[in-house]
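Please walk me through this model in the viewer, one selection at a time. At each stop, say what to pick and what is found there.

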Amino acid sequence: RQLQTGAWALREFLQVNRQKYEVNVPGENLVVTWFNLIVFLQSVTLTAILGLGGYWALSGIVTIGTLALFVGYLRRFFEPLMQLSEQLAAIQKSFAGAERIFSLLDESPGIADPVEAVDAPGLDRDLVFDNVTYCYLLFRAI
């Protein structure tokens with residue numbers, strides 16, 4: 001009996017693990033691709049600005065200050081895109097979590113009321129809570 005329970009738990013674990021993998025991997029691939037694309041574009045653009053701008057600075061067409069200004073503009077241009085890629089990762093994880101939550105909410109209860117159920121006699125009283133209090137205890141890890 002113990003072996004059968006362990007086999008069932010292992011099958012259930014593998015199924016849930018596969019579902020999590022199928023939900024998370026495409027999102028992670030998108031995030032990694034987006035982030036690496038932005039880093040690549042930033043590197044190519046910086047190389048072009050420094051290469052061409054350095055040549056122009058040595059030729060006297062532009063000043064070093066102008067070249068430094070364009071490098072600063074480049075950083076300011078790509079900074080929001082990098083932040084967007086970080087937000088994209090959080091959004092993808094939120095979608096994956098929401099999908100798991102909705103799949104749990106869609107589960108039907110394992111125990112159903114029998115069709116021929118009858119009311120128990122003598123249980124038609126009200127339930128009253130007098131002098132009941134509650135509180136939430138919050139613990140913070142140090």
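This is a predicted model. Begin with the largest pocket and colour its lining by class: three residues are nonpolar, three are polar and five are charged.

**Stop 1: the largest pocket**

To see the lining, select E12, Q15, V16, Q19, K20, V23, E99, R100, S103, L104 and E107. Two elements each give two or more residues to this lining: α1, which spans 2–59, and α2, which spans 64–105. The largest share is from α1, with six residues. The space inside the pocket comes to about 310 Å³.

**Stop 2: the largest cavity**

Keep V23 selected, since V23 also lines the largest cavity. Add N24, G27, E28, Q92, K93 and A96 to complete the cavity lining. Here again α1 and α2 are the elements that give two or more residues. The most comes from α1, with four residues. Coloured by class, this lining shows two nonpolar, three polar and two charged residues.

How much space lies in the largest cavity? The figure is about 40 Å³. How many cavities of 30 Å³ or more does the structure hold? There is one. Rolling a probe the size of a water molecule over the atoms shows where empty space is left.

**Stop 3: F35 and its distance to A89**

Clear the selection and pick F35, which is in helix α1. Is F35 buried, partly exposed or exposed? F35 counts as partly exposed because its relative accessibility is 34%, which falls between the cut-offs of 20% and 50%. Now add A89 and draw a line between the two C-alpha atoms. F35 and A89 are 54 residues apart along the chain, and the separation of their C-alpha atoms is 9.6 Å.

**Stop 4: a nonpolar patch on the surface**

Switch on the surface and select L37, F40, L41 and V44. These residues form a nonpolar patch there, and together they have about 370 Å² of accessible area. For a single member, click on V44, a residue of helix α1. V44 has a relative accessible area of 41%, so it is classed as partly exposed.

**Stop 5: A48 and L50**

Next, select A48, another residue in helix α1. With a relative accessible area of 44%, A48 is partly exposed. Add L30 and compare the two separations: A48 and L30 are 18 residues apart along the chain, while their C-alpha atoms are separated by 27 Å.

Then move to L50, which is also found in helix α1. L50 is partly exposed, at 43% relative accessible area. Which distance separates L50 from F70 in space? From C-alpha to C-alpha it is 9.1 Å, and the two residues are 20 apart in sequence.

**Stop 6: R75 and C135**

Select R75 in helix α2. Why does R75 count as exposed? Its relative accessible area is 58%, and exposed means over 50%. Add C135 and zoom out until both residues are in view. R75 and C135 are 60 residues apart in sequence, and their C-alpha atoms are 50 Å apart in space.

**Stop 7: N131**

Finish in the segment after α2, where N131 is found. N131 is exposed, with a relative accessible area of 83%. Check the backbone angles as well: what is the phi of N131? The value is positive, about 55°, although N131 is not a glycine. Most residues other than glycine have a negative phi.

Key
Residues are numbered from 1 along each chain as its sequence is written. This is a predicted model: local features need pLDDT of at least 70, side-chain atom pairs count only at pLDDT 80 or more; totals for chains, interfaces and linings use all residues. Side-chain values use heavy atoms; hydrogens and water are left out. On a 1 Å grid over the protein atoms alone, a cavity is a set of points where a 1.4 Å probe fits but cannot get out, and a pocket is an open set with protein on both sides within 12 Å along at least five of seven lines; lining residues have an atom within 4 Å of a point. Grid points are joined across faces, edges and corners, and a volume is the space filled by probe spheres set on the points. Ala, Val, Leu, Ile, Met, Phe, Trp, Tyr, Cys and Pro count as nonpolar, Asp, Glu, Lys and Arg as charged, and the others, Gly among them, as polar. Patches are made of residues with over 30% relative accessible area and no salt bridge: like charges are joined within 9 Å, nonpolar side chains (Val, Leu, Ile, Met, Phe, Trp, Tyr) within 5 Å. Accessible areas come from the Shrake-Rupley method with a 1.4 Å probe; for residues, only the protein chains shown count as cover. A salt bridge is a side-chain nitrogen of Lys or Arg within 4 Å of a carboxyl oxygen of Asp or Glu. Buried means under 20% relative accessible area, exposed over 50%, partly exposed in between (1.4 Å probe, protein chains only).
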